[in-house]
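Student: I should like a close look at one part of this structure, namely the pairing of strands at residue level. Please begin with a single pair of facing residues and work outward from there to the surrounding contacts.

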Amino acid sequence: MRTRRHRSAALLTALTLAALTGCGAQVAEEGKGDSAKASGSGHYPVTIENCGTKTTYAKAPRRVVTNDVGIADIMFALGLEDHMAGYVMPEYRGKLDAVAWKDAYGKVPWLSKKAITKEIALDAKADLVFAGWNYGFGEDSDVTPASLKKLGIGSYVLTESCRNGSDGGQGSARGVMPPLDALYTDLKTLGKIFDVEDRADALIATYRKQIADAQAKVPKDGARPTVFLYDGGQDKPMTSGRFAGPHDIITKAGGDHVMKDLDDSWTTVGWESVVERDPDVIVINDYGTPTAAQKKAFLKSYGPLKNVSAIKNDRIFVLDYADLVESPRNPAAVAALSGYLRNVGGH
């Protein structure tokens, strides 16, 4: 939803207050460290780097607004619900029954089931918006770190979504590191911002062990089954390149990701490339409509795919959206897919 041209008097007042009072996400001025020490913590000020941008925090943000389920998951896994003003998330992406931080979702306000807007951030008196490019940030919606900065609101960009500029310098291609490294990077960086580095380190150690345990069960001999990630789309499929979560999930689960040569995160390809690469397994990203069952029915009925190994052998595995975008659910997805792939032979 595009930002309205004319703001109400209340929004203008909120903007003025935000600009005057400053916030934890505001870049600290040189030589103003004494005010940070007055907060009672020797931890601040701290300087972090996020998607190539360095920011100094004089204190921990207190009113964070997140966009999308995986990003809220990261905050809740770190135990930072008391630092949040709310989260924005479509209802169909909110499968929360089994997550360890279910209570946090009930405690923190659900601000919108649509896309994040500048009005939502202002109304929530946000001091930091944690989102990502195409995960809430985008020029089309005019919700960007630059536009929020003008309102006195800081930003943190999901590392999975960092723009890498490999697409002719336009900057819309995303991804700068392996997907699980992006998760660990965000946990470490947010741990530093919020002075919960011990929690971040403990989570990372747990996730690394969870993945190592799954990898230990991967057969050492034989060809790895090839895997294609199907997000959706009929004319052209949306899939994952090597910088989105599915690449590491597939690879560490014992599969060979057929789109590993794509230097992007989430992107579209042609069906002909899927047919040519002939995956042994197709993983469906399950969210909203069409449902996973509807996506599976389409794949099995789509003529050009009839001779693809995954279709001929009915080897279609379903993972939830929150398993596949950058989130603390990624390691469990590795374990689940690994169990499935152990029963599938390669070409």
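Tutor: Phe228 stands opposite Ile282 in strand S13. The model in which this pair is found is a predicted one. The strands concerned are S9, residues 226-230, and S13, residues 281-286, which run parallel and are joined by four bridges. This pairing belongs to an open sheet of four strands, whose order is S11-S9-S13-S14 and whose pairing is parallel. S11 and S14 form the edges of that sheet, since each of them pairs on one side only.

Two of the strand neighbourhoods just named lead on to salt bridges. Arg242 and Asp263 form one, with their closest N and O atoms 2.5 Å apart. Arg242 is in the loop between strand S10 (238-240) and helix H9 (245-252), and Asp263 is in the loop between strand S11 (256-257) and strand S12 (266-268), so the contact ties together parts that are 21 residues apart in sequence. Arg242 has a relative accessible area of 34% and is therefore partly exposed. Asp263, at 39%, is likewise classed as partly exposed.

The other case involves the loop that precedes S14. Lys296 forms a salt bridge with Asp314, where the closest N and O atoms are 3.7 Å apart. Lys296 belongs to helix H11 (residues 292-301), whereas Asp314 is in the loop between helix H12 (309-312) and strand S14 (316-320), so this pair ties together parts 18 residues apart in sequence. Lys296 counts as partly exposed at 28% relative accessibility, and Asp314 counts as partly exposed at 38%. Lys296, Lys300 and Asp314 are joined into one network by salt bridges that share partners. A further charged side chain, that of Lys295, lies over the face of Tyr287, at 4.3 Å from the ring centre.

A salt bridge within one helix provides a local counterpart. Lys209 and Asp213 meet through their side chains at 2.9 Å, N to O. Both residues lie in helix H8 (residues 197-216), four residues apart, about one turn of the helix. In an α-helix there are 3.6 residues a turn, so residues three or four places apart point the same way. Lys209 is exposed, with a relative accessible area of 51%, while Asp213 is partly exposed at 36%. The structure has 13 salt bridges in total.

A second set of paired strands can be read in the same manner. S3 (residues 64-67) and S4 run parallel and are joined by four bridges; within this pairing, Val64 stands opposite Met84 in S4. S3 also pairs with strand S6 (residues 128-133) in the parallel sense, over three bridges, and there the bridge partner of Thr66 is Phe130. The side chains of a regular strand alternate between the two faces of the sheet. In S3, Val64 and Thr66 point one way and Val65 and Asn67 the other, and all are buried. S3, helix H3 (residues 69-77) and S4 together make a right-handed β-α-β unit.

S4 leads in turn to the aromatic contacts. There are 13 aromatic pairs in the whole structure. One of these is formed by Tyr87 and Tyr105, edge-to-face, with 5.1 Å centre to centre and 85° between the planes. Tyr87 lies in S4 (residues 84-88) and Tyr105 in helix H4 (residues 102-107), so the pair ties together parts that are 18 residues apart in sequence. Tyr87 and Tyr105 are both buried, and they form one aromatic cluster with Phe76 and Trp110. Another ring contact involves Trp133 in S6 (residues 128-133): the charged end of Arg163 sits over the ring of Trp133, 3.6 Å from its centre.

Helix H7 may serve as a last point of reference. This helix, residues 179-193, has 15 residues and reaches 21 Å from its first C-alpha to its last, close to the 21 Å expected at 1.5 Å a residue. H7 is mostly covered, with 11 of its 15 residues buried; among them are Leu180, Leu183, Leu187 and Leu190, together with Asp186 and Thr189. After H7 comes Asp195, whose phi is positive, near 60°.

Methods: Residues numbered from 1 in each chain as written. Predicted model: local features only at pLDDT ≥ 70, side-chain atom pairs only at ≥ 80, totals over all residues. Heavy atoms only, no water. Phe/Tyr/Trp six-rings, centres within 6.5 Å; stacked < 30°, edge-to-face > 60°. Buried < 20%, exposed > 50% of the residue type's maximum accessible area, 1.4 Å probe, protein only. Lys NZ or Arg CZ within 6 Å of the ring centre and 35° of its normal. Pairing = 2+ DSSP bridges. Right-handed = clockwise from strand over helix to strand, strands pointing away. Salt bridge = Lys/Arg side-chain N within 4 Å of Asp/Glu carboxyl O. Expected span 1.5 Å × (residues − 1).
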